[in-house]
Amino acid sequence: MAVQGPFKVAFADVFPYGAFVKGGVEPVRDFDRSTRENFVQARDKDTGELVWAVEVLDADPESKGTFKVKLMAPVQPVMPEAPAGFPFVPVEFDGLAVTPYVNSGTGRLAYSLKAAAVRPANFKGGANRSGKDNAAKDAA
């Protein structure tokens, strides 16, 4: 049996160290319907909602570069405010889904991420983003 379509995933499974939005929210171009003179915004195949994109930094120290997360919404999503003194906005994505594909340019496996919503990161609680209990860290 072949599995088709995006895989639903938990935010903490994809971003165990957290994620930061770099820049603002941008509309995604529908390349099939747009022309050089006329920009047409993409719509999600499943929901019909407009597609927006944000550039994301993965807080994992071994992560390289940035990538886009697509958001589906009827109007442009508003990003939370960055904490004072920080250039990036810590966020969490709700309804996160991963779609694997083969990059036609490199022939390598790649993936795209889409989310139903974005919200400020929640850094409260007894465990840090890596899943290790803070008390255990303090005891070490």
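Is K114 buried, exposed or partly exposed? In this predicted model, K114 has a relative accessibility of 22% and therefore counts as partly exposed. The residue recurs below, in the account of the salt bridges and in that of the pockets.

The strands are considered before the side chains. Eight strands are arranged in an open sheet with mixed pairing, and their order across the sheet is β1-β6-β7-β4-β3-β2-β5-β8. The edges are occupied by β1 (7–8) and β8 (117–120); each has a single partner strand, so one side of each lacks a neighbour in the sheet.

Within this order, three antiparallel pairings can be followed from β5 to β4. Strand β5 (residues 89–94) pairs with strand β2 (residues 19–27) in the antiparallel sense, over three bridges. In this pairing, P90 of β5 is placed opposite F20. Strand β2 is in turn joined to β3 by seven bridges, and these two strands also run antiparallel. Here V21 faces its counterpart V56 in β3 across the pairing. Strand β3 then pairs with strand β4 (residues 66–73) through eight bridges, again in the antiparallel sense, and A53 stands opposite K70 of β4. Strand β3 (residues 50–58) is itself mostly covered, with eight of its nine residues buried.

Side chains of opposite charge can pair when their charged atoms come close. A search of the whole structure yields five salt bridges. One of them joins D46 to K114, with the closest N and O atoms 3.6 Å apart. This pair connects distant parts of the chain, since D46 lies in the loop between β2 and β3 whereas K114 belongs to strand β7 (residues 109–115), a separation of 68 residues. The partner of K114 in this bridge, D46, counts as exposed because its relative accessibility is 63%, whereas K114 is partly exposed at 22%.

A second salt bridge is formed by R119 and D94, whose closest N and O atoms are 3.0 Å apart. This pair likewise links distant parts of the chain, with R119 in strand β8 and D94 in strand β5, 25 residues apart. R119 is partly exposed at 32% relative accessibility, and D94 is also partly exposed, with a relative accessible area of 29%. Salt bridges with shared partners also join D44, D46 and K114 into one network.

A further salt bridge brings together the side chains of D30 and R33, at 3.5 Å from N to O. D30 is situated in the loop between β2 and β3. With a relative accessible area of 14%, D30 falls under the 20% limit and is therefore buried. A polar atom of the D30 side chain also lies 3.1 Å from the backbone nitrogen of R33. The side chain of D30 thus meets the side chain of R33 in a salt bridge and has a polar atom 3.1 Å from the backbone nitrogen of that residue.

Rolling a probe the size of a water molecule over the atoms shows where empty space is left. The largest pocket has a volume of about 440 Å³. It is lined by 15 residues, of which R43, D44, K45, K70 and K114 are the closest to its centre. The elements β4, β6 (97–102) and β7 each give two or more residues to this lining, and β7 gives the most, with three. By residue class, the lining of the largest pocket comprises seven nonpolar, two polar and six charged residues. Two residues of the salt-bridge network, D44 and K114, are thus among those closest to the centre of the largest pocket. K70, the residue opposite A53 in the pairing of β3 with β4, is likewise among those closest to this centre.

The second largest pocket has a volume of about 280 Å³. Its lining consists of 14 residues, with K64, T66, F67, Y111 and L113 nearest its centre. Two or more lining residues come from each of β4, β6 and β7, with β7 giving the most, namely four residues. This lining divides into eight nonpolar, three polar and three charged residues. Strand β7 therefore gives the most to the lining of the largest pocket and to that of the second largest pocket.

Key
Residues are numbered from 1 along each chain as its sequence is written. This is a predicted model: local features need pLDDT of at least 70, side-chain atom pairs count only at pLDDT 80 or more; totals for chains, interfaces and linings use all residues. Side-chain values use heavy atoms; hydrogens and water are left out. Two strands pair if DSSP finds at least two bridges between them. Buried means under 20% relative accessible area, exposed over 50%, partly exposed in between (1.4 Å probe, protein chains only). A salt bridge is a side-chain nitrogen of Lys or Arg within 4 Å of a carboxyl oxygen of Asp or Glu. On a 1 Å grid over the protein atoms alone, a cavity is a set of points where a 1.4 Å probe fits but cannot get out, and a pocket is an open set with protein on both sides within 12 Å along at least five of seven lines; lining residues have an atom within 4 Å of a point. Grid points are joined across faces, edges and corners, and a volume is the space filled by probe spheres set on the points. Ala, Val, Leu, Ile, Met, Phe, Trp, Tyr, Cys and Pro count as nonpolar, Asp, Glu, Lys and Arg as charged, and the others, Gly among them, as polar. A polar contact is a pair of N or O atoms within 3.5 Å; within protein, one must be able to donate a hydrogen and the other to accept it, and residues adjacent in sequence count only if both atoms are side-chain atoms.
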